[in-house]
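Thanks for making the time this morning. I would like to go through one model with you, starting with a pair of helices and then turning to confidence and to two loop residues.

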Amino acid sequence: MDHQIDDPKLAFAYLRPACVLLTHEPTVGNVETLSTQLRHVNHGTLQQLQDYVLFPLRFILKIPGPKRDGLIQAVAEAMGYVLENTCVRSWETLRDLLSELCLCLCSPTDPGKPAPTSEELRAAVLRCLDALLHAAYGDVVFKLFEPIMLPGLGAAISLLLALGEQEKSRTVQAAALKCLQALTLQCDCSMDHVLVGQKERRILGSTMASFLPGITIAVSRVITGDMRHGHAVTVRAIKVWFKTVGLVMADDQLQNTGTGERQLWELGRVWELVVQRTQDWVRNTSGRLALLLKKIISCTSAHQHWRVRLEMVNFSDHLLANCSSSLGECVGPLLEALVGAVNDEEPTVRERCEAALREVAERHQSSDSNNQAFTDVLSENLHSLATSLPRLMRTSDDQRKVFVLNVFLGYLKILGPKVIVVLNSAAHLQRVSKALMQVLELDVMDVRIVEERSSAVTVETGPGPHGAHAQRKHFLYFTDERIFSLLKEICRVLGYYGNVYLLVDHFMDLYKESSVYRKQAAMVLNEVITGAAGIGVAGGQERQGVPSQEDLKAVVESIIEEYICLSHWHLPTLIGEESDRGEQEQQTQFSLFSISNGVEGKGNPLQLVQAVHKSSTIHELNSNIWQICIQLEGIGCFAQALGMDFRLILMTSLYPVLEKAGDETLMVSQAALDAMWDISQACGYASLKELINENSDYLLNDVSLNLQRLGVHPHAPRVLTVMFSHSDPSLLPLVGDIVQDVLLALDMSYDETSPLFCTVLHSLMKALARWFPSSVAGTSDALGTKKVWREQDQLNVRQFLLDYHKQKELAVGIGAEEEGTEHPELPPSMDCEEDMDGPDVKVELPAHITIAKDVMERCIHLLSDPSLRLRLKVLDVLELCVCVLSQKENELLPMAHRCWPALLLRLTADDPLAVLRAFRVLCTLGETCRDFLRKRVSKEVIPKLTAWLSKQAPVSARAGPVYSHTLAYKLQLAVLQGLGALCLHLDLGDSDMDAVTESCLPYLSCRQPPKLQEACLSVFLRLIEVDPDAFWLTLNELYCPCSYNPPHPDLQPVELSGMGLPRNEYTDNVLKLLEDFGLPEDTQPAGIQIQ
């Protein structure tokens, strides 16, 4: 209001008519009139006129008989305004108003139940009642809690509880619970409140003890009842519950209960309502409250609304801070509720929980008298939870599992440095460790683990860590990734606060005790060391006895020594790894086909499964793979924990990791690469290349020694493979002698070590090809050819006829003399130049060329090995050798001559897989050797290739969609994709071109698989570059899209066999090729232009 009356006399004169009228005529309009006028009076003045203004309003409430809800609502709103802006100084006014307002809410026939009034009326009366409780002076409001007031106070509390529990309106429920909170003088709103001293608080708690059972039971039903009443009601109910319990069961009030309670015999029967808070009463009440508490926690710990979870943190913190002694049976559930929110998804809840946990821990750490008892409670709860953890992980849902693990973690964080004391108990340590062993059990039944093969060792890694390679572990008893994260954090906290020597010794004993626990124990050890180094542990209490770097280094060395021992490191991970001799038997069981003997094989692929080594089941192989991966992860964790100090143990740990990086099992090789990245980062190396180069001296020394004892160290070549894959040319001078050792070892024992050494040679040649890229541009000259023949096509007819006439005259000898004199031949002068250069001196070859020659020499001998896998690997190596030697044609051509017979056998009489690789090698040779191979390919390869393509064309045309998964299809596709470029590079003659054309034409049919059609189009596009006119004619003979009319009547009409034919199976692809000539369909053929 702009101006309010502040003179009491003027205000009285202003309000008196409305008050008198309201007394005579109690109507809604008159109440609203008075309410409007009240807002024109200053609050201080209204305080002086409080009793006068309230009289007519209270008079309406006292009128006997039923009254309309609207009138009572208006009266309650007017009274509420007065009480909100004034203070109640009279005990009688407070008592009477409380009684009158409660009568407005209760049923006339049954005062203990709410009256069936409107929602608006109830809300208005409850607001007025709340304003009354806030307006009462301290000396006045405390009289409410005298024993004589117990019946009236009980009636008000019962009425408010009934409204809070049974009312359907959320607003009324929340208002009733807020009034109940204000009635106990524990309201937390923004208004001013009465300060409650220690003496008054004791009186208040003693009085409310009489109503504690009713309040806690009724409010717990609200908390655990229908979730549809909304989170606001639940939050308010939780506040009422824990503030009331905290008031009555406060430890400071119950210390002297025997002398503090007065005997009030003179009160008569009212004395029977007074509760004496004796030790027996406290013990019995604590037990009953514990039952309600567990029910509340179970319903709210995972509530979907974060404000409810936040209030549960306040709930636990308040009761633990004020009632930890009196509520002894409730301490466990309260701690469980508190620590269960330590990893809540809502940051506000998480931060409040962490603060509460710190306060709890500090409170009990600083109090020596309660410290031991509290530690005992925590340790017993931890022991009990560890005992039930495996059962809970098997039977609960993921949400419950997360909560249980959060509780487990919270106990450890509260204990803090006391974890050492707890774990010194053998029973506790045994129970915690066995629980972790059972919970972390892996599911190793996935057959894909052992099936997946790795080629990563031959691929240069990128500039960053391979974090994406980390394999997701599959556990028997949970699937949620959050659960595994919690388990890892639990292990890290154990390492952070616990005795690292004790923990490592204990879990190492479990690691050695049984293979059943080995993987789980390794996971725990990895995280314990990480936690001991202070990595991945959220800020908590200060730990005692921080392990030094020397201690950590000694522990890490002992663990790594156990990890990389022969029995735990070199485990079988591949089917038939112990013996590779079964491969030859597999080949005899499977009928191979080749270009020369047809396609249909009669072998049964299921027979291959019979070659599985009987001693190792899939389950055992998967278990071995996971064990090695976990141990590799551990080495990476140890490197991160030690930092630069890990360089001191690189000599013992890096070599085994490189061995596993070269493993054929995908998961193992990826885990090893991740470990290498962790080691690089921890030791200050920028990349894997720098890591290997800086440590190449002792790595190569170990490789050299182990190559001489392959029977004892069969995996030494893998280390070379990984070094080649992740290094640079600076390594080449250091490995020259070792490469010769590898070649010598290969010469001495072809049968036993060929597959392993071929992998090394493949990695070596791939590295050389990467370090010294070939200067051959395979298609650079061919790309420009197309433009040349198109430009040559645009010829003048007159010039064409003149040239034709001139050539005809030269053919019969006319003008030969003049032609011969114009361009006299000069004798070559090369001999003179050669004489001037002096005698030939053979230039020393570069190291990589020499190595490539030596490797290619071995490949020639290995191309006839009976093992298909080995032949395939040798063909890959041979292709890389050709690429490296392409820089030195004088060295390449003799080697190509030597390898041709063996390569020809692979092309014409071998398994389809070998034919595929051999054809790829042939294409590479054709690109590099060109004319040198023309005659050989023309005579020995092209006839068989074209015959096989012609034979397979009807088969692929009739085949269904499954045909694309067969080897025959893949071979057809590979041949068609490479044939065009091969013909172009070798510049084959007309007869060979005709044969290729004849064999490829059927693949222009639309009945062929789409990819074969595309590959065939690529062949013709290449052939068109060689002789466009011939292939234009060939295509038009197959299908001619239009007729060609002569430009003059004297010329003969052009007749092609493809003219006038209807659309057929070749039409679409022929049109695509004809469009490539750049001519519209209605123009003259290529090579003719009318002047």
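**Two helices in contact, and where to be careful**

In this predicted model, the residues of α49 that meet α51 are Tyr969, Gln972, Leu973, Leu976, Gln977, Leu979, Gly980, Ala981, Cys983 and Leu984, and their partners in α51 are Lys1011, Leu1012, Ala1015, Cys1016, Ser1018, Val1019, Arg1022, Leu1023, Glu1025 and Val1026. Sorted by class, this contact of α49 with α51 has 13 nonpolar, four polar and three charged residues. As for geometry, the axes of α49, residues 967-986, and α51, residues 1010-1026, come within 8 Å and cross at roughly 10 degrees. Because angles under 35 degrees count as roughly parallel, α49 is roughly parallel to α51.

Now to confidence. The protein chain has a mean pLDDT of 80, with 84% of its residues at 70 or more. Confidence is highest in helix α28, residues 549-563, at a mean of 94, and lowest in helix α30, residues 582-589, where the mean is 36. The pLDDT is also below 50 over residues 777-793, although this stretch has 21 contacts in the model beyond near neighbours in sequence. Over residues 816-836, where pLDDT stays under 50 as well, the model has two contacts beyond four places in sequence.

Finally, the backbone. Most residues other than glycine have a negative phi. Leu185, in the loop between α10 and α11, has a positive phi near 60 degrees. Arg930, in the loop between α47 and α48, has a positive phi of about 50 degrees, and Arg930 is partly exposed, with a relative accessible area of 23%.

Terms used
Residues numbered from 1 in each chain as written. Predicted model: local features only at pLDDT ≥ 70, side-chain atom pairs only at ≥ 80, totals over all residues. Heavy atoms only, no water. Axes fitted to C-alpha atoms, helices over the stretch in contact; angles between N-to-C directions. Helix = DSSP H or I, 4+ residues; strand = E, 2+ residues; numbered from the N terminus. Parallel < 35°, antiparallel > 145°, perpendicular 65-115°, else oblique. Contact = heavy atoms within 4.5 Å. Nonpolar A, V, L, I, M, F, W, Y, C, P; charged D, E, K, R; others polar. pLDDT = per-residue confidence, 0-100. Buried < 20%, exposed > 50% of the residue type's maximum accessible area, 1.4 Å probe, protein only.
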